[in-house]
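Thanks for coming. I will go through side-chain contacts in one chain, group by group, and take questions at the end. Please have the structure open while I talk.

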Amino acid sequence: MKRLLAAAAVSALVLAGPAVAQNAPQAGGQDAARPDAAASRDPAIPPPVVSVTRHTGVFGGERIAYRAVAGETYLKDKDGKPLAAMVSYSYIKEGPVDPNRPVTFLWNGGPGSGSLWLHMGAFGPKRVVVPSDAKDDGAAPFPIIDNVDSLLDVTDIVFIDPIGTGFSRALGKTDPADYWGVTKDAKSIAEFIRLWLNDNGRWNAPKFIGGESYGTTRSAAVINELEGTYTDVSINGILLISSILDFSLASDSQGNELGFVTNLPSMAATAWYHDKVANKPATVEEFVAEARAWAIGPYASALLKGNALTAQERAAILPQLSRYTGVSETYLSNANLRLSPSRFYKELLRDRGLTIGRLDTRYTGVDYDNAGDRPDNDPSFYGIDGAYTAAMNAWSREGLKYSPSVVYSSIGGTRNWDWTIPTGPRGGSEYLNVAPYIGRALRENSGLRVWVGQGYYDFATPFFGAEYSLNRPGFPTDGRIEWHYYHAGHMMYVRDADLRKLSNDLRTFIRAR
């Protein structure tokens, strides 16, 4: 269902120039700003609004004074007419300009999701606390605390809300669908990044981009727009958190066997977690390693044989498939050895009257009844969404003094997404594969590295699917892709131990540029 920051230069961060710069909550006063002349030509489109505030915090054990810049950047046509307002949240270390200090641009996914999840859950200077043990977040008030795991000690950070998400929106008579598509969306993000670099004097700074979920799809498309054009923006690193790059792996279309193979290790991890494995290995890593080898070997072979699979071969596969999925041989036989994710969510704990989550299979839920073949809803989404939405609105409107008179769209703010891309297969999201964009970028930029983080209990973007996507011909095998795994799901940072590990893993990656 869901299923991502120079002192003198900072006042220019307003990009198009704010109409209002609101008072900072701490000492330091307010930053002057100039109205945008081009925007003012159209009385129906007011100048953009940006709030600049000053704060301090301890991140990675280091006390950092930083400036927060929250507000609109106008994307314009060739004549300077504003077409859309892209809202971002930039956190920039105060003090003498360090030309070697990195800047990291982050977004979430959906498509149609704002950046609140990474912003308020993982890397922003504040974060919302949700239960670490996969329990429901309940109701407000939700604890919003200083985030000691933010990466502000090693990089400035810019959180971007694509058009149609958060407070970002089309302006005037602009059709928002002009920004709703794999390539259209990526072009707008790349345009924003170039504007930000212009106005902050950071063209020669180390640069990282990254996202979560569809935000990894967006990252691949954005690297193509940044490095695949003549106005080249060379990137130091891509951060892929819970990756989905090859959408054929997510298709339940009849005859598509690959998804069953790449889902199997995640089913094994989940069965291990919920104690549905006989003679359970000591660690999930051990069981997952077994499942990987079996899935790509005997299981893949059996599925590819189709109707040519003999009765004896089928009989040999069933007990192994039952062991790795935690589901009965009878059910698996009735499913023709092909267990879809939605059926797995419902069937695994049916004997306990529970369903499991999609974003994070550690979560459990209770449906209206126990008879169906798929859950009523995803307990790992409704278990956290209230806390994140409340925290994002509270921090933006109260902490950052940026409070537009529009509703913040957490997720679902886009529709009729254009899944086609200029090169490669067309035919819908099932056949979209943006991984080759990353392969090309690695081949053509020797300084580019890729960081991949996956949760064992993530079914929105299973880890074996990410491994498959980035292990194809065309990808260099020189060690510039590094892998990290976590004992939670899609948003691994909801688990406290994984948030600390995620922060440390990324801090090490950025420092090693």
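Let me start in helix α13, which covers residues 435–444: Arg440 and Glu444 both sit in it, four residues apart, or about one turn of the helix. Before I go on, note that this is a predicted model. The two side chains form a salt bridge, with 3.2 Å between the closest N and O atoms. How exposed are the two ends? Arg440 is partly exposed, at 34% relative accessibility. Glu444 is at 55%, which counts as exposed.

That is one example from a longer list, as the structure holds 28 salt bridges in total. Another one joins Lys93 and Glu62, and here the closest N and O atoms are 3.7 Å apart. This pair links distant parts of the chain, since Lys93 belongs to strand β3 (residues 82–93) and Glu62 to strand β2 (residues 62–76), with the two positions 31 residues apart in sequence. Lys93 is partly exposed, with a relative accessibility of 32%. Glu62 is also partly exposed, and its value is 32%.

A third salt bridge is made by Asp478 and Arg480, at 2.9 Å from N to O. Is each partner buried or partly exposed? Asp478 is partly exposed at 49%, whereas Arg480 is buried at 14%. There is also a network: Arg54, Arg67 and Glu94 are joined by salt bridges that share partners.

Now the aromatic rings. The count comes to 22 aromatic pairs. Take Trp294 and Tyr324, whose ring centres are 5.2 Å apart with 35° between the planes, a tilted pair. What does this pair tie together? Trp294 is in helix α7 (residues 284–305) and Tyr324 is in helix α8 (residues 311–325), so the contact connects parts that are 30 residues apart in sequence. Trp294 is buried, at 5% relative accessible area. Tyr324 is buried too, at 9%.

The second pair I want to show is Phe463 with Tyr485. The ring centres are 6.3 Å apart and the planes stand at 90°, so this one counts as edge-to-face. It also links distant parts of the chain: Phe463 lies in helix α14 (residues 463–469) and Tyr485 in strand β14 (residues 481–486), 22 residues apart. Phe463 is buried, with a relative accessible area of 0%.

Tyr485 has a further partner. The charged end of Arg292 sits over the Tyr485 ring, 5.8 Å from its centre. So what we have around Tyr485 is an edge-to-face ring pair with Phe463 and a charge over the ring from Arg292. A charge also lies over a ring at Tyr468, where Arg472 is 3.8 Å from the ring centre, over the face.

Still on rings, there is a cluster. Which residues are in it? Ring pairs link Phe59, Tyr66, Tyr91 and Phe159.

Next, a small residue. Ser243 is in strand β10, which spans residues 237–243. It is buried, at 3% relative accessibility. Which residues does Ser243 touch, leaving out those up to four places away in sequence? They are Thr216, Val452, Gln454, Thr461 and Ala466.

Last, a helix that is mostly covered. Helix α3 runs over residues 116–123, and eight of its eight residues are buried. By name, the buried residues of α3 are Leu116, Trp117, Leu118, His119, Met120, Gly121, Ala122 and Phe123.

How does α3 pack against helix α12, residues 385–399? The two axes are 10 Å apart and meet at an angle of about 90°. The cut-off for roughly perpendicular is 65 to 115 degrees, so α3 is roughly perpendicular to α12. On the α3 side, the residues in contact are Leu116, Trp117, His119, Met120 and Gly121. On the α12 side they are Asp385, Tyr388, Thr389, Ala391, Met392 and Trp395.

To recap the examples that link separate parts of the chain: Lys93 in β3 with Glu62 in β2, Trp294 in α7 with Tyr324 in α8, and Phe463 in α14 with Tyr485 in β14. By contrast, Arg440 and Glu444 lie in one helix, α13. All of this comes from a predicted model. That is what I have; questions, please.

Conventions. Residues numbered from 1 in each chain as written. Predicted model: local features only at pLDDT ≥ 70, side-chain atom pairs only at ≥ 80, totals over all residues. Heavy atoms only, no water. Phe/Tyr/Trp six-rings, centres within 6.5 Å; stacked < 30°, edge-to-face > 60°. Buried < 20%, exposed > 50% of the residue type's maximum accessible area, 1.4 Å probe, protein only. Lys NZ or Arg CZ within 6 Å of the ring centre and 35° of its normal. Contact = heavy atoms within 4.5 Å. Salt bridge = Lys/Arg side-chain N within 4 Å of Asp/Glu carboxyl O. Axes fitted to C-alpha atoms, helices over the stretch in contact; angles between N-to-C directions. Parallel < 35°, antiparallel > 145°, perpendicular 65-115°, else oblique.
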